[in-house]
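Reader: Hello! I'd love a close look at one part of this model, the helix that gives the most to the lining of the largest pocket. Could you walk me through it and what surrounds it?

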Amino acid sequence: MARQLGVEEELLDALFHIDRHRHLFSERELVALSYAEIMTTSARDISEELWDALQYHFDDGEIVEITTVIGMFNFFNRFADALEIDPPPQQGKK
């Protein structure tokens, strides 16, 4: 979906190794990505430092929206994994 929206391949690849490609992301994006990672792996472990950074970069509505998107994608991934649903092939590829 990100490719269809015009996100460059370099940036998509960098998501797998954010620590090595920090220069490709803004501080705001890095905070959101950190939040997504912690929320996905252990949501109860969100530190005060991360919470403060979220509040610095995002207003309350944006934090709710980011949290909702992360939660929904975690749901979709778990749902698809449990039912062994493969993603559809990319357009033009089979």
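Author: Happy to; here is a walk along that helix, then through the core and the pocket.

Please keep in mind that this is a predicted model. The helix you are asking about is H4, which gives 11 residues to the lining of the largest pocket. Helix H4 covers residues 60-82. Its 23 residues reach 33 Å from the first C-alpha to the last, close to the 33 Å expected at 1.5 Å a residue.

Let's begin with Asp60, which is found in helix H4. Asp60 counts as exposed, because its relative accessibility is 58% and the cut-off for exposed is over 50%. Asn74 lies 14 residues from Asp60 along the chain, and the C-alpha atoms of the two are separated by 21 Å. Asn74 is one of the buried residues of H4, together with Ile63, Ile66, Ile70 and Ala80.

What do these buried residues of H4 pack against? They pack against H2 and H3. Looking from the other side, the buried residues of H2 pack against H3 and H4. In H2 the buried residues are Leu30, Val31, Ala32, Tyr35 and Met39. Met39 gives a good view of the contact between the helices: leaving aside residues up to four places away in sequence, Met39 touches Thr67, Ile70, Gly71 and Asn74. The length of H2 also fits its residue count, because 16 residues at 1.5 Å a residue should span 22 Å, and the end C-alpha atoms of H2 are 22 Å apart.

Several of these names come back in the largest nonpolar core, which has 10 residues. Ile63, Ile66 and Ile70 belong to this core, and so do Val31, Ala32, Tyr35 and Met39, with Leu50, Leu54 and Phe58 completing the set. The elements that give two or more residues to this core are H2, H4 and helix H3, which covers residues 48-57. Here H2 gives the most, with four residues.

Now back to the pocket. The largest pocket holds about 1,900 Å³ of space. Of the 37 residues that line the largest pocket, Met1, Ala2, Leu12, Leu15 and Phe73 are the closest to its centre. Helices H1 (9-14) and H2 (27-42) join H4 as the elements that give two or more residues to this lining. By character, the lining residues divide into 24 nonpolar, seven charged and six polar.

So H4 appears in both places: H4 gives the most to the pocket lining, and H4 is among the elements that give two or more residues to the core.

Notes
Residues are numbered from 1 along each chain as its sequence is written. This is a predicted model: local features need pLDDT of at least 70, side-chain atom pairs count only at pLDDT 80 or more; totals for chains, interfaces and linings use all residues. Side-chain values use heavy atoms; hydrogens and water are left out. On a 1 Å grid over the protein atoms alone, a cavity is a set of points where a 1.4 Å probe fits but cannot get out, and a pocket is an open set with protein on both sides within 12 Å along at least five of seven lines; lining residues have an atom within 4 Å of a point. Grid points are joined across faces, edges and corners, and a volume is the space filled by probe spheres set on the points. Ala, Val, Leu, Ile, Met, Phe, Trp, Tyr, Cys and Pro count as nonpolar, Asp, Glu, Lys and Arg as charged, and the others, Gly among them, as polar. A nonpolar core is a set of buried Ala, Val, Leu, Ile, Met, Phe, Trp, Tyr and Cys residues joined through side-chain atoms within 4.5 Å. Buried means under 20% relative accessible area, exposed over 50%, partly exposed in between (1.4 Å probe, protein chains only). Contact means heavy atoms within 4.5 Å. The expected span of a helix is 1.5 Å times one less than its number of residues.
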